[in-house]
Amino acid sequence: MSAYLCDPKTAHLEFMLVKGQYQAATGRPAEHGALCYQIRQVFPQREITPEEANKIGYETAMRWTKGKYQFFVCTHIDKGHIHNHIYYNSTAYDCSRKFRNFLGSTFALRRLSDRVCLEHDLSVILNPKLHSKGKFLHYG
């Protein structure tokens, strides 16, 4: 595990504290919406070590949040493949704004994750398969 501006063991409480500070500073209710967002990264077997995967997850989270949001990265090895769960606060650490998913944020995040992986000489999925409803079945 690794983290930025929080302790993974108490992150949910720290995220709530920042939300309370946001509400006090702006007068806008902070209890509406998501507490945090999650990103998942999956790596092929034997391509990366858990330590390297965690560093990739940390770099991805830092670039995605631009260092403005608390986050933590959990790297798992229990499923036959190494994967990251990245959780980041929906409220900026300086209490200036809340993160809003935007149209195309999934694709932007996928491009960023792919870019980070390619910069570290890791593979990416070139043609992800689609569900019948047009959604991606598997990506990574």
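Two strands are taken to pair if DSSP finds at least two bridges between them. With that in hand, Ile39 can be placed opposite Ile86 in β4. This cross-strand position belongs to the pairing of β2 with strand β4 (residues 83–89), which is antiparallel and extends over seven bridges.

The structure described here is a predicted model, and a word on confidence is helpful before going further. The mean pLDDT of the chain is 89, with 90% of the residues scoring at least 70. Helix α2 (residues 50–65) has the highest confidence, at 98, whereas the lowest, a mean of 51, falls in strand β6 (residues 136–138). Where pLDDT is low, the predicted coordinates are not to be read in detail.

The pairing of β2 with β4 is part of an open sheet of four strands, ordered β1-β3-β4-β2 and paired in the antiparallel sense. Its edges are formed by β1 (2–4) and β2 (36–42), each of which pairs on one side only. On average, and with direction ignored, neighbouring strands of the sheet are turned by 15° against each other. Moving across the sheet from β1, one meets the antiparallel pairing of β1 with β3, joined by three bridges; here Ser2 faces Val73 in β3. Next comes the pairing of β3 with β4, again antiparallel, with six bridges, where Phe71 is found opposite Tyr88 in β4. These two strands, β3 and β4, form a hairpin with six residues between them. In the turn of this hairpin, Gly80 adopts a positive phi of about 85°.

The helices complete the picture. Helix α1 (residues 11–26) lies across β2, β3 (71–76) and β4, and runs at about 30° to β4.

A helix-to-helix contact is formed by α2 and helix α3 (residues 105–119), which pack at an angle of about 135° with their axes 10 Å apart. The angle makes α2 oblique to α3, because it is not over 145, the cut-off for roughly antiparallel, and lies outside the range of 65 to 115 for roughly perpendicular. The crossing of these two helices, α2 and α3, is right-handed. On the α2 side, the contact involves Ile56, Glu59, Thr60, Arg63 and Trp64. Their partners in α3 include Ala108, Leu109, Leu112, Val116 and Cys117, as well as Ser105, Ser113, Arg115 and Glu119. By character, the residues of the contact of α2 with α3 divide into seven nonpolar, three polar and four charged.

Technical notes
Residues numbered from 1 in each chain as written. Predicted model: local features only at pLDDT ≥ 70, side-chain atom pairs only at ≥ 80, totals over all residues. Heavy atoms only, no water. pLDDT = per-residue confidence, 0-100. Axes fitted to C-alpha atoms, helices over the stretch in contact; angles between N-to-C directions. Contact = heavy atoms within 4.5 Å. Parallel < 35°, antiparallel > 145°, perpendicular 65-115°, else oblique. Left-handed = near helix turned anticlockwise from the far one by under 90°. Nonpolar A, V, L, I, M, F, W, Y, C, P; charged D, E, K, R; others polar.
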